[in-house]
Amino acid sequence: MAENTDGHGAETTPTPPSTVSLSPVSDAMVGGPDDAPFLDPAEQSQTLKFHFTPRSALAGEMERLQTENPHAKLTWVVPKVLSALQEEFGDAIQDVVGYAGETTVFVEKGRINDVCRFLHDEVGFDYLTDIGTVDRFTEDDRYEVFYNLCALEAKKRIRLKVRVDESDLEVPTIVDVYPGGNWHEREAWDMMGIRFAGHPDLRRIYMPEDFEYHPLRKEFPTLGIPGSLPLPPNSPDGELQPDPYARAHGMIPKDLSTDAD
């Protein structure tokens, strides 16, 4: 047993014997099993392992992903509702898409209020979860507005979507069917610039009324547009800041004492 001193004659705490072998195991060379704890330190050049799935094993994978989802619930299975919609509205039901166990119904834009009224009054979808928008950044039908609806008693869900072309950014309101959609539609107008015809109070909800832009559109800069939204000064006696991210645009605010010229 080694002498337990620190070189100056003082005793030190004995070092306990190692209980784990730290030497490389025989199968831990390059190309060894994934759980091998070490690689051979003598190897100067080592090749990373690459695991792949043969193409033949991927046959039908996209179809499976579109129909199966381990987290999907029976709440999204609504075949009778889909049949009723297609029978009632015909070509106004433009498409029905199933993906990951969820059902989305594409509706002709001008009929969205009628479809919502039917689902609410005749089918029992009594709760509007939310309304949102998507900027697809395409030449035609650039935007989408989606509506997530629930039938609380029946425990069923459905999603409606309408496509909105940039040449006609107006969609019928559904506030008369689902009053809770009031603020959702205001947010969609504020952030994406889509108007809702018949809305009782279509004001901006986040940005000032005189703000010229719609921040969730994909062409809107991440750091904002200099001068579009002046913010309070950085010091009590300073002036409004014309650019909230002046430093990011290569400018230094003049009312900061540490940066004074």
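How many aromatic pairs does the structure hold? I looked this up before anything else. The structure holds four of them. I keep in mind that the model is predicted.

**Entry: aromatic rings**

I needed a way to describe each pair. A pair of aromatic rings is described by the distance of the centres and the angle of the planes. I took F211 and Y213 to begin with. Their ring centres are 5.6 Å apart, and their planes stand at 75 degrees. An angle over 60 degrees counts as edge-to-face, so F211 and Y213 form an edge-to-face pair.

Next I followed Y213 to F220. These two rings also pair, with 6.0 Å from centre to centre. Their planes are 55 degrees apart, and the pair is tilted. Ring pairs thus link F211, Y213 and F220 into a cluster.

Is Y213 buried, partly exposed or exposed? I found a relative accessible area of 29%, so Y213 is partly exposed. I checked its two partners as well. F211 has a relative accessible area of 7% and is buried. F220 comes out at 17%, and F220 is buried too. The limit for buried is under 20%.

**Entry: a charge over a ring**

I then looked at W189. R195 lies over the face of this ring, 4.1 Å from the ring centre.

**Entry: the nonpolar core**

How many residues does the largest nonpolar core have? I noted 36 residues. L85, Y147, I158 and L160 have the most contacts inside this core. Several elements each supply at least two of its residues. Among them are helix 2 (79-89), helix 3 (112-123) and helix 4 (181-192). Strands 2 (102-107), 3 (127-135), 4 (143-151) and 5 (156-164) do so as well.

I picked L85 for a closer look. Leaving out residues up to four places away in sequence, L85 touches G90, I93, V105, V115, F118, L119 and I158.

**Entry: cysteines**

How many disulfides does a search of the whole structure find? I got zero. I also checked where two cysteines sit. C116 is buried, with a relative accessible area of 0%. C150 is buried as well, at 7%.

**Entry: a hairpin**

My last stop was strand 1 (residues 93-99). Strand 1 and strand 2 run antiparallel, and six bridges join them. The two strands form a hairpin with two residues between them. Which residue stands opposite Y99 in strand 2? I found E102 there. In the turn, A100 has a positive phi of about 55 degrees.

Key:
Residues are numbered from 1 along each chain as its sequence is written. This is a predicted model: local features need pLDDT of at least 70, side-chain atom pairs count only at pLDDT 80 or more; totals for chains, interfaces and linings use all residues. Side-chain values use heavy atoms; hydrogens and water are left out. A disulfide is a pair of cysteine sulfur atoms within 2.5 Å. Buried means under 20% relative accessible area, exposed over 50%, partly exposed in between (1.4 Å probe, protein chains only). A nonpolar core is a set of buried Ala, Val, Leu, Ile, Met, Phe, Trp, Tyr and Cys residues joined through side-chain atoms within 4.5 Å. Helices (H or I, at least four residues) and strands (E, at least two) are DSSP runs, numbered from the N terminus. Contact means heavy atoms within 4.5 Å. Rings of Phe, Tyr and Trp (its six-membered ring) pair if their centres lie within 6.5 Å; planes under 30 degrees apart count as stacked, over 60 as edge-to-face and the rest as tilted. A charge sits over a ring if NZ of Lys or CZ of Arg is within 6 Å of the ring centre and within 35 degrees of the ring normal. Two strands pair if DSSP finds at least two bridges between them.
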